[in-house]
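The following account concerns charged side-chain pairs and the packing of two helices. Please keep the sequence and the coordinates at hand while reading.

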Amino acid sequence: MSRLHDKVAIITGAARGQGEATARLFAAEGCSVIMTDVLSAEGEAVARSIGERAAFMRHDVSDEGDWASVVDHALARFGKIDVLVNNAAIAHFAPIEETGKADLQRLLNVNVVGPFLGIKAVLPLMKQARRGSIVNISSVDGLRGTTGLSAYDACKWGVRGITKAVALEAAAYGVRVNSVHPGAIDTPMLNPEGMADTTPIATAMGIPFGRVGRSPEVAAVSLFLASDDASYVSGSEVAVDGAWTAGLNTNITKLDD
């Protein structure tokens with residue numbers, strides 16, 4: 001259990017769900033983690049339960065000053081930054097006609113501006129060290145379009161694009177940048193009522209595995225990408241979706257001449 005031995009990671013949106021699972025797994029694998037979120041009480045409780053390897057900071061990812069504070073705290077507490085996991089995100093479910101400019105801007109601030117500023121904040125340190133891993137949590141909705149999620153889809157495609165561009169910019173410095181694309185995962189965003197049996201959700205969505213995914217399954221992919229096991233992996237996009245997107249573009253209707 002030492003795949004991240006002596007590494008230091010910043011993980012956003014770490015108070016619950018995928019971010020919490022990632023923080024717990026990273027710490028178990030020898031990593032020191034700076035957990036950030038706007039949910040202070042929940043985040044502090046998770047950090048306490050993890051122990052001395054974890055520290056929590058309240059953090060608005062859309063605020064450049066907050067990012068500077070997080071980086072300064074990570075350096076003061078642990079001395080370096082090896083990994084950034086841009087996990088924080090929010091959603092808005094509505095047709096485009098019912099999605100206002102303010103709705104779009106709110107999502108862009110968290111889901112796109114947040115990762116963008118995070119990368120800007122840590123990349124100079126990683127380039128100087130000539131190592132590092134940035135893991136951007138996108139979505140299957142960054143690989144396709146989904147009815148009622150135009151604003152969210154725009155953000156997650158944006159995260160995918162930022163990942164590709166920065167992977168190229170950082171390659172010469174040994175810094176790796178990849179995106180993870182979770183499908184239907186059992187988090188408060190998907191399952192706000194906390195239903196124990198999520199099979200009906202998977203059935204309704206047509207997920208080939210016949211079940212909704214779990215946060216630790218996403219965390220395990222982030223662990224791989226953060227670790228030295230992925231030393232030659234950069235600019236990639238990894239779907240964690242129970243084969244949900246495997247059938248994209250396969251049902252093509254041939255038009256008669």
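The paragraphs below take the salt bridges in turn and then the helix pair.

The model is a predicted one. In total, 11 salt bridges are present in the structure. Three of these pairs are described here individually, together with a network.

The account begins in helix α1, which spans residues 17-28. Within this helix, R24 and E20 are joined through their side chains by a salt bridge, with an N to O distance of 3.0 Å. Four residues separate R24 and E20 along α1, which is about one turn of the helix. As for its surroundings, R24 has a relative accessible area of 34% and is partly exposed. Because partly exposed covers values between the limits of 20% and 50%, R24 at 34% belongs to that class.

A second pair consists of D82 and K80, whose side chains form a salt bridge at 3.4 Å, N to O. Are the members of this pair buried or partly exposed? D82 is buried, with a relative accessibility of 5%, whereas K80, at a relative accessible area of 23%, is partly exposed. The cut-off for buried is under 20%, so D82 at 5% falls within it and K80 at 23% does not. D82 and K80 also take part in a network of salt bridges, in which they are linked with D6 and R131.

Further along the chain, the side chains of E217 and R214 meet in a salt bridge with an N to O distance of 3.3 Å. Both partners are partly exposed: E217 has a relative accessibility of 27%, and R214 has a relative accessible area of 44%.

The discussion now returns to α1 and its packing against another helix. How does α1 pack against helix α2, at what angle and with what distance between the axes? The partner, α2, comprises residues 40-50, and the two helices pack at an angle of about 20° with their axes 11 Å apart. Since angles under 35 degrees count as roughly parallel, α1 is roughly parallel to α2. Their crossing is right-handed. On the α1 side, E20, A23, R24 and A27 make the contact, while α2 contributes V46, S49 and I50. By class, four residues in this contact are nonpolar, one is polar and two are charged.

The residues E20 and R24 thus appear in both parts of this account: they form a salt bridge with each other, and they belong to the contact of α1 with α2.

Key. Residues numbered from 1 in each chain as written. Predicted model: local features only at pLDDT ≥ 70, side-chain atom pairs only at ≥ 80, totals over all residues. Heavy atoms only, no water. Salt bridge = Lys/Arg side-chain N within 4 Å of Asp/Glu carboxyl O. Buried < 20%, exposed > 50% of the residue type's maximum accessible area, 1.4 Å probe, protein only. Axes fitted to C-alpha atoms, helices over the stretch in contact; angles between N-to-C directions. Parallel < 35°, antiparallel > 145°, perpendicular 65-115°, else oblique. Left-handed = near helix turned anticlockwise from the far one by under 90°. Contact = heavy atoms within 4.5 Å. Nonpolar A, V, L, I, M, F, W, Y, C, P; charged D, E, K, R; others polar.
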